[in-house]
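Q: Could you take a close look at one part of this model for me, and then work outwards from there? I'd like the loop first and its surroundings after that.

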Amino acid sequence: MLPLVSQVRKFIYLSSKDKNYLLLASRCILNAIELSSVLDKLEKYYHSDIDIDTSDVALIGKKITLYDYIEDLTMDITLTLPEDSDPSIGKISVLSPLGGLLLGSKADENLTLYLGNTTTQFKVRAVSEDN
């Protein structure tokens, strides 16, 4: 199995070369602008020559402790590539609406997810390595 950074770089490469790859790789329900934003974030953190401190940034493989203001509950989510996602155990794809929103976020950030006619507000409580 490839190391995580290599897996992400492969995903970025395949996504940029063949837009149908994204449709085949996941059940992506992001619109074109959201999808472009996710790919830009992935490129920034995984395909850049600039050395960026990512210790407190929500990235693939990181555990995000998230507070849902509407439901008044705290949950742990791990960001994954589409093929590794399993929402039933908290593994959320970066191509899902919530995963795309979380990608690149940091602790203490407030985020708003708009999905259809529903708005949900979250606070990122912590970002850590998933053990």
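A: Let's start at Gly90, which sits in the loop between strand E2 (73–80) and strand E3 (91–93). Helices and strands here are DSSP runs, H or I of at least four residues for helices and E of at least two for strands, numbered from the N terminus. Before going further: this is a predicted model, where local features need pLDDT of at least 70, side-chain atom pairs count only at pLDDT 80 or more, and totals for chains, interfaces and linings use all residues. Residues are numbered from 1 along each chain as its sequence is written, and side-chain values use heavy atoms, with hydrogens and water left out.

Back to the loop. Gly90 counts as buried because its relative accessibility is 13%; buried means under 20% relative accessible area, exposed over 50%, and partly exposed in between, with a 1.4 Å probe and protein chains only. Setting aside neighbours within four places in sequence, Gly90 is in contact with Asp76, Ile77 and Thr78 (contact means heavy atoms within 4.5 Å). Its C-alpha atom is 9.9 Å from that of Ile64, which is 26 residues away along the chain.

Asp76 takes us on to Thr65, since a polar contact of 2.8 Å joins the side chains of Asp76 and Thr65. A polar contact is a pair of N or O atoms within 3.5 Å; within protein, one must be able to donate a hydrogen and the other to accept it, and residues adjacent in sequence count only if both atoms are side-chain atoms. Thr65 lies in strand E1 and is buried, at 17% relative accessibility. Beyond four places in sequence, Thr65 is in contact with Thr74, Met75, Asp76, Lys123, Val124, Arg125 and Ala126.

Ala126 is a handy pointer to the strand pairing, as Thr65 stands opposite Ala126 in E5. E1 (residues 62–68) and E5 (residues 118–129) run antiparallel, joined by seven bridges; two strands pair if DSSP finds at least two bridges between them. E5 also runs antiparallel to E4 (residues 110–115), with six bridges joining them, and there Leu111 stands opposite Phe122. The hairpin of E4 and E5 has two residues between the strands, and Gly116 takes a positive phi near 65 degrees in it.

E1 and E5 share a charged pair too: Glu129 and Lys62 meet through their side chains in a salt bridge, 3.8 Å from N to O. That pair links distant parts of the chain, with Glu129 in strand E5 and Lys62 in strand E1, 67 residues apart. The rule asks for a side-chain nitrogen of Lys or Arg within 4 Å of a carboxyl oxygen of Asp or Glu, and the count by that rule comes to one salt bridge. Glu129 is exposed, at 53% relative accessible area, whereas Lys62 is buried, at 6%.

Now the wider frame. The protein chain has four helices and five strands, in the order α-α-α-β-β-β-α-β-β along the sequence. Buried residues make up 40% of its 131 residues. Among contacts with a separation of 6 or more, 48% come from residues 24 or more positions apart.

As for confidence, the mean pLDDT of the protein chain is 80, and 72% of its residues reach 70 or more (pLDDT is the predictor's confidence in each residue, from 0 to 100). Helix H2 (residues 19–25) has the lowest confidence, at a mean of 55, and E1 the highest, at 95.
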